[in-house]
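Dear colleague,

Please find below the structure that I am handing over to you. My notes on its salt bridges follow directly after it.

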Amino acid sequence: MSDLPLFVNLRRFLPVRPCLLVLALLGLLPLRLRAQIIDDSTRVLYGAKTTRVLYEADILREQYEGRVIDTTLTNIQQQRTWFHDSTYQQDLGNVGTASRRLLWHTNTELGARLGRTVFDKYTRPAAALPFYDTKSPYTFFRYNQSSAGEQVFELSYSRSIGKRINLGAVFERFGSNKILNTNGREGLVEHNNVRVFLRYQSQDDRYHALASFGTSRHRAAEQGGILPNALLDSLPKDLFGYDRENVRLTLAINRDDRDQGRLVHTYRLLGRGLTVYHVLDYSRQLNKFTDTFANGTGDALFYPPFPLQSTTGTDDRAELRQLENTAGLLGRTDAVEYRLYARYRQSTLATRTRVGDPGVLRSAFRRSQFTTLPDSTFGQLFVGGTASFRYRSLLDVQTAGELKPSASLSQTEYWLRATARLGPLTGELLNSSYAPTLTQQQFSGNHYQWPTSAYRTDFNNTNVQQLTARLDQKLGAQRFGLSGSVVNIVNLVYFDQTARPAQLPDAKQLLIGTLRHRFQLGHLFTDNEATYTYSADERGVRLPRLVTNSKVYYQSYIFKKALFSQVGVELYYQSQFRGYAYSPSTQQFYLQDAFTIRSYPLADVYLNTDIKTVSLFLKMAYVNQFLGGQDGYFASPYYTGLPRRFQFGIRWQFFD
């Protein structure tokens with residue numbers, strides 16, 4: 001399943017012997033704790049306080065001092081934080097499956113975009129990669145495992161060479177096993193990701209550079225959801241047989257392969273008032289969907305009738321390659337900060353599909369128009385910048401925006417954000433106009449094709465205006481966060497009930513309110529968050545009205561402050577809504593009207609502990625299953641969420 005022998009070896013070891021791995025690491029704990037570098041007074045010289053983290057955003061703000069390494073226990077057990085997008089998501093009920101953001105998010109990505117984003121949260125963007133400033137070698141290790149086969153593994157290493165160079169590498173693996181229609185430990189998803197990185201600063205501190213190259217390989221078996229028995233399964237509540245349930249697809253596979261190289265470097269001309277910078281970014285994304293139809297029909301019943309290219313199987317591929325060059329100026333003082341830039345992007349999109357029986361791989365053939373779908377090349381220019389003004393800690397005004405000019409005003413893309421903060425109050429205006437994705441504009445495969453003479457996709461830009469007000473106030477041991485947003489969406493492009501792109505003919509409004517409350521009473525802590533979204537109808541956008549997450553935990557030192565622990569309960573609640581269905585062949589979520597995901601709570605009980613540089617958690621997830629008549633829940637239509645299960649994890653940081 002992997003391209004590298006190292007990945008294969010890790011895959012064989014990690015799922016089979018997770019307990020032995022953890023026991024071995026725990027057995028080495030006393031030895032490693034004694035191995036920290038000390039001086040003659042037995043004081044620890046190197047640790048979390050001597051290791052700093054830097055991000056690209058810090059370098060582009062000329063903040064080179066770095067941030068403190070995160071060693072907190074809070075949320076180590078929270079599964080959303082295991083991946084690179086911790087927002088609430090609608091997925092297919094298991095680790096590594098296709099997912100989309102559950103709540104509204106205004107897009108600010110302009111220009112040519114592939115639009116295959118269902119596996120985005122499993123690969124860290126190069127612009128968000130952490131770099132390090134270390135006084136000693138730094139190693140980060142984490143391993144999470146559950147009784148249902150969920151698995152997360154990460155190992156990174158960084159060290160400095162002299163005072164000016166720091167280099168390192170990171171390897172990640174995410175995996176899960178099938179929970180539907182399985183006779184044992186059958187693999188469902190495997191994700192492997194390797195990245196190498198380097199940070200350099202000149203002796204006079206005027207030149208700084210960040211460079212990285214990474215490659216990820218994601219493979220997901222697509223099951224198409226549960227296939228109800230027409231005689232026995234009359235209601236969704238009858239579909240919680242898990243491994244006994246039949247599924248719609250048995251041989252379908254989705255692959256998402258990504259490569260990205262990025263170089264960011266800055267040179268200070270006149271103090272911090274004038275610095276030039278350049279960003280070189282290369283990326284490649286290949287999405288491939290394959291399926292073999294059993295006995296010429298079988299699984300083919302899952303798709304629209306009459307395959308377009310081959311009657312024995314599907315092999316649809318889309319590959320987008322992009323090269324970007326960004327050049328600009330930046331600077332800052334104690335009160336003012338600015339950045340101006342221009343970026344040029346070159347993109348090439350190649351689409352291939354299996355044509356004929358047994359079939360050959362070629363450009364897709366549009367039968368309705370008697371043409372092929374040729375490779376597409378784009379050259380696009382963007383200009384943008386940011387500016388901010390601060391007066392002490394009382395007033396903060398920020399503006400940012402980007403423009404992609406076009407010969408036609410209607411095709412010009414842009415986003416503009418203006419934010420003003422006065423004490424605990426913040427107001428924000430976001431205005432965005434963006435073109436549909438490349439997948440929304442054109443697709444040609446074995447089951448779907450657009451545009452055609454009868455189905456046009458010459459959509460207008462989507463325009464979004466969003467006004468937000470926030471309040472963040474601390475009152476003694478309590479902290480309140482309150483925000484409200486009014487969102488106006490014009491010409492929204494979405495995937496309709498036929499799983500094809502469509503555009504709303506008129507405007508749509510959303511009202512969004514979020515409340516967060518945190519409270520401390522001695523060693524007892526609570527953290528509650530709720531988001532309410534109101535929409536007058538379900539056209540184009542489907543969102544649950546209410547999403548909440550509440551946490552109550554007790555934390556304290558024990559054993560003469562040798563062990564720091566948290567014991568808590570976490571409850572997630574989501575109100576009912578007609579969630580999006582999923583099309584694996586196009587890798588898109590789309591509207592459906594036949595299945596309502598009922599409201600459900602998920603309760604977890606956990607124990608987090610911290611022993612110097614080692615953090616552990618033990619967790620019983622979904623402890624409320626079978627309570628109150630709840631046999632299970634659906635993450636997406638006909639995809640059940642995982643049942644009650646035990647999870648554990650270890651996070652270990654070495655500073656020598």
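Arg217, Asp259, Arg284, Glu319 and Arg321 are joined to one another in a network of salt bridges. Please bear in mind that this is a predicted model. In total, the structure holds 36 salt bridges, and three further pairs are described here.

Glu324 and Arg343 form a salt bridge in which the closest N and O atoms are 3.6 Å apart. This pair links distant parts of the chain, since Glu324 belongs to strand β13 (residues 313-332) and Arg343 to strand β14 (residues 336-355), 19 residues apart. Glu324 has a relative accessible area of 13% and is therefore buried; Arg343, with a relative accessible area of 11%, is buried as well.

Strand β14 also contributes Glu337, whose side chain meets that of Arg390 in a salt bridge (3.6 Å, N to O). Arg390 lies in strand β18 (residues 376-391), and the two residues are 53 residues apart. Glu337 counts as buried because its relative accessibility is 10%, and Arg390 counts as buried at 19%, the limit for this class being under 20%.

The remaining pair is found in loops. The side chains of Arg578 and Glu538 meet in a salt bridge at 2.5 Å, N to O. Arg578 sits in the loop between β31 (563-574) and β32 (581-583), and Glu538 in the loop between β29 (524-534) and β30 (546-558), so the salt bridge ties together parts that are 40 residues apart in sequence. Arg578 is partly exposed, at 27% relative accessibility, and Glu538 is likewise partly exposed, at 32%.

With kind regards

How values were computed:
Residues are numbered from 1 along each chain as its sequence is written. This is a predicted model: local features need pLDDT of at least 70, side-chain atom pairs count only at pLDDT 80 or more; totals for chains, interfaces and linings use all residues. Side-chain values use heavy atoms; hydrogens and water are left out. A salt bridge is a side-chain nitrogen of Lys or Arg within 4 Å of a carboxyl oxygen of Asp or Glu. Helices (H or I, at least four residues) and strands (E, at least two) are DSSP runs, numbered from the N terminus. Buried means under 20% relative accessible area, exposed over 50%, partly exposed in between (1.4 Å probe, protein chains only).
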